[in-house]
Amino acid sequence: MKAGKYDDFAIPGACWFVDKRNILSLPRDDGENRYVYGNDGFNFWAYTSGYMHCNDGAFSPFLYSGEGTEPKCAWFVGVETAEGLKTFPLLAAPKANDDVVRYTVFNSSCVTYIAEAYGMRFSVRVFTTADRRMLFTVSSENLSSEKKKFFFMDYLCPHLEHTQGECGETRWFKKINVGKAKGSALPPFEVEIKVMVSRTKQVSNFAALSRSFEIEGGTLLSHEENTSRFQVVGGVHGSLHSFYETFTGHWDNPKQVTVFNDVAVCADSVWVELDSNGKCRMDMQLTYSLRNTDTAPLAKLVEDQITASRVDGLLSEIDADQSTRHEDFQLKFESLRMDNLTEGKLNRFFEHLKKQIEFCAMLKGYAQTGAGSLIGIRDVMQALEAYLVWRPEDSRKKILEAISFTDPSGRCPRQYSLPAYEGDIPRMDVRPFIDQGVWVISTIVTYLKYTGDFSILDEVCGYYEIVNKNPGAPLTGFDLIRLSEEKDTVLDHMRRILEYLIRQIDEETGCVRVLFGDWNDALDGLGVSKDPQKEYGTGVSVMACSQVWQNLNEMVELLSRVDKVKYGEDIARYQAIADKMEKGLHTFGVQTNEKGVKRVTHGWGDQRSYYVGSFCDPDGLDRISSTSLAFWVLTGLLKKSQDDQMRWQIRDDLMSLDTKYGLLTFSHAFAEDVQGVGRINKLPAGTAENGAVYVHASMFAIMALFRMGFAEEAWKELEKALPVSHKNTSLSPFVMPNSYGYNPELNIDGDSMNDWQTGSSNVTVKVFVRDVLGVCPEYDGVWIQPAASGPYEEVSGKVVLHGKTIELSCRKMAGLEDARFFVNGKEQKGQWNETLQTWSLWIPKEEIASLREIIVEQPTKG
């Protein structure tokens, strides 16, 4: 791309921020970029290369295609030239060695793929609607001064089943036929998938691909429809990767119906002649209806004809929604001074970060399109804790959904899925990772503080019972479950969850046993028992135990507000348990070496036979763990201890983890022969959680640095954590990744495991809101305490408190000794917060309803 006005908005991965909603992305061979479309768990993925796939929970309209495999959606073009017919893929997949100029524009409402060649411009635009319609528009434009004769070919291979892959029987039960054309519309494709629900019941999933064609300055010469993949690609052994090289734009006797002995597809070849500056477009709409017992729904789908104006109207509605959907949550920096990050990039990155949060919060599972890719309790709760900042109503609904999968004992599953139909038993991962419930309690508490909506506590939700098919045997990954007859309130769910956590306390230490694992689920060896007769030992995760300690304090405060008399005994008992746990954490979770230096450890194994993240780990290494350090701060343990020496030690330990990509999760990787740590040492050194920058953990540490008053250090690490500050990324640079690997011996340098579905995104939002803008709601009001130090002259934003959108701005002002606070234009006196090393202002909840604007003027030097 030539140098120009967008160079200031160039980001890694061959991308540019065109404006806050549009991203230009060029095909590349060193990675892949993608964007997600849809809403409420319906996810249509579009890749820069042109690969596409779609799922709504376990239901897959289009299957995922692995790298280098045939795409499920593809478009091809053939242009007549003086040298003969020139055929090529319109998108970058399947890959072709040609001179066609291809580029992709990701907009928050749609994706547009553009290809230019032989004096013509072709494009494919894709978007989805709230009612799950998938719209494809193929446009052609003659840029030359001569007439152009050409064909374009559409190829769609829908799946439309509640599975994540094909098998040998898939083609037996998928039927596609070409329907009858109505009026000027082109004939639709009709799809039927037969599904056996049980031994005695069969249903059909129907879909219709409606098509319309419009032209200005030219002639539609012919159109052919074909439902046979074999015919399209040239035989059983043909491939989309090469068939087009010899395709003439015509088939001999194209099949109008396919089922059983061939892969049924929706394909067409449309020949057009365009005058100079002429243009044409083909619009296609894929709609579907599930679990039908007669054909009436298919007829209704087929009757839903489309036109270009109707398609554009639907897109205008999506645009209007996307323009306002996240309007109540804003963040903008001015005069940003950073080595590798400009204010333009950061401000535009933030717009897509909000989209990422929505995706993670409203997930219906199977984001990784595998059978085990369900809805993680910890994952969705953390995402909701960020999403509720501006979408509290949607967050409330998802909280109620997630909490309904709790076992009556209070044990939360690790992951759950949604039933495909009434009476369906959802797939769940019930391995007892101890931290699942802690996120539920903390997220609901955050919701209450942001919204003041205590009515959620009275909502009645159900349970799912975890049933062990072999009593006495260890529970394994995915166990039999059943819908429980028990129901009670959200508050009762929270109490049961806490009681389950309390029952996991090791009496000797007063700390919670880790069982199968904690947030760092790759390090899943601490809970293993030395006694082969016992399923779990007394191993502890300091991070998870700190979170339970926080939960105990949260429930003490919450129950005291709900009904101090009714819950008096529970309040006293929780407080006593919290006090004992705090003592146990200080006694057993913190080590002191011969020099008097303290270390918050990661945790210990059964009977404290070994420690991890300690001065001497099982492999003899002195190893620092970032997450235990961070949560010693984030849960309030450091603040309560008032130990300034520990504050500086945690700061020094965290900063010792600094690398060119940010803060490591562990200071040293675990070699394959290290005992007692679980599967983490199966990961290559320098990747994921094993001695790499696992960005979710890095963000926890950055948050902790802010909370200790080390804003300058926090900003240094925050810049490194954001992908837009890097020179290269292996995945989408406009959303948060989950990790940055580094191991030169393995040719790994900044590579990420995953993008979009990662918890690093929600912690990033929380850092911006609570620690940069300084918005910290409590039950009785809200603290406004923006970070005193920051590489900018001004930061401003919007958040939602108690249903009201509030604007905030913080400006650096020369000549001030103390910060000045202006609430609705009236100055109010703040106070110095020694812990945060910044100025704070308390606003009682009675005044939140009248809040419009808060302006903070801070001294230039914090």
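**Buried charges, cores and cysteines in a predicted model**

D617 and R623 are both buried. In this predicted model, the side chains of D617 and R623 meet in a salt bridge, with an N to O distance of 2.7 Å. The structure holds 66 salt bridges, and several others repay a closer look.

One of them joins R820 to E857, whose closest N and O atoms are 3.3 Å apart. This pair links distant parts of the chain: R820 belongs to strand β42 (residues 820–823) and E857 to strand β46 (residues 853–859), with the two positions 37 residues apart. R820 counts as partly exposed because its relative accessibility is 29%, whereas E857, at 10%, counts as buried.

A salt bridge within a helix is provided by K354 and E351, whose side chains meet at 3.3 Å, N to O. Because K354 and E351 are three residues apart in helix α4 (residues 343–361), about one helical turn separates them. An α-helix has 3.6 residues a turn, so residues three or four places apart point the same way. K354 is buried, with a relative accessible area of 0%, and E351, at 17% relative accessibility, also counts as buried because the limit for that class is under 20%.

Salt bridges also form a network, in which R378, R414, D429, R431, D435, D521, D524 and R679 are linked.

The nonpolar interior comes next. The largest nonpolar core has 238 residues, and the members that touch the most others are W75, F136, F333, M581, W632, F734 and F768. Helix α9 (residues 542–563) gives the most to this core, contributing 11 residues. A second, separate core of 18 residues includes Y155, C157, F243 and A267.

Two of the residues named for the largest core lead further into the structure. Beyond its neighbours within four places in sequence, M581 is in contact with I505, G510, C511, V512, C545, V548, W549 and L552. W632 lies in helix α11, where S626, T627, S628, L629, A630, F631, V633 and L634 are buried along with W632. Helix α11 (residues 626–634) is thus described as mostly covered, nine of its nine residues being buried. Just after α11, G636 takes a positive phi of about 100°.

The contacts of M581 include two cysteines, C511 and C545, which raises the matter of disulfides. A disulfide is a covalent bond between the sulfur atoms of two cysteines. With a cut-off of 2.5 Å between sulfur atoms, the count comes to zero disulfides. C511 is in no disulfide, and the nearest cysteine sulfur, that of C545, is 3.9 Å away. C511 counts as buried, since its relative accessibility is 0%. C616, by contrast, counts as exposed at 52% relative accessibility.

A last site concerns a polar side chain in a strand. N55 is located in strand β6 (residues 52–56) and is buried, with a relative accessible area of 2%. A polar atom of the N55 side chain lies 2.9 Å from the backbone oxygen of G57, and a polar atom of that side chain lies 3.5 Å from the backbone oxygen of Y366. With neighbours within four places in sequence set aside, N55 is in contact with G41, F42, N43, W45, S60, P61, G365 and Y366. Y366 therefore appears both in the contact list of buried N55 and as the residue whose backbone oxygen lies 3.5 Å from a polar atom of the N55 side chain.

Technical notes:
Residues numbered from 1 in each chain as written. Predicted model: local features only at pLDDT ≥ 70, side-chain atom pairs only at ≥ 80, totals over all residues. Heavy atoms only, no water. Helix = DSSP H or I, 4+ residues; strand = E, 2+ residues; numbered from the N terminus. Buried < 20%, exposed > 50% of the residue type's maximum accessible area, 1.4 Å probe, protein only. Polar contact = N/O pair within 3.5 Å; in protein donor to acceptor, adjacent residues only side chain to side chain. Contact = heavy atoms within 4.5 Å. Core = buried A, V, L, I, M, F, W, Y, C linked by side-chain atoms within 4.5 Å. Salt bridge = Lys/Arg side-chain N within 4 Å of Asp/Glu carboxyl O.
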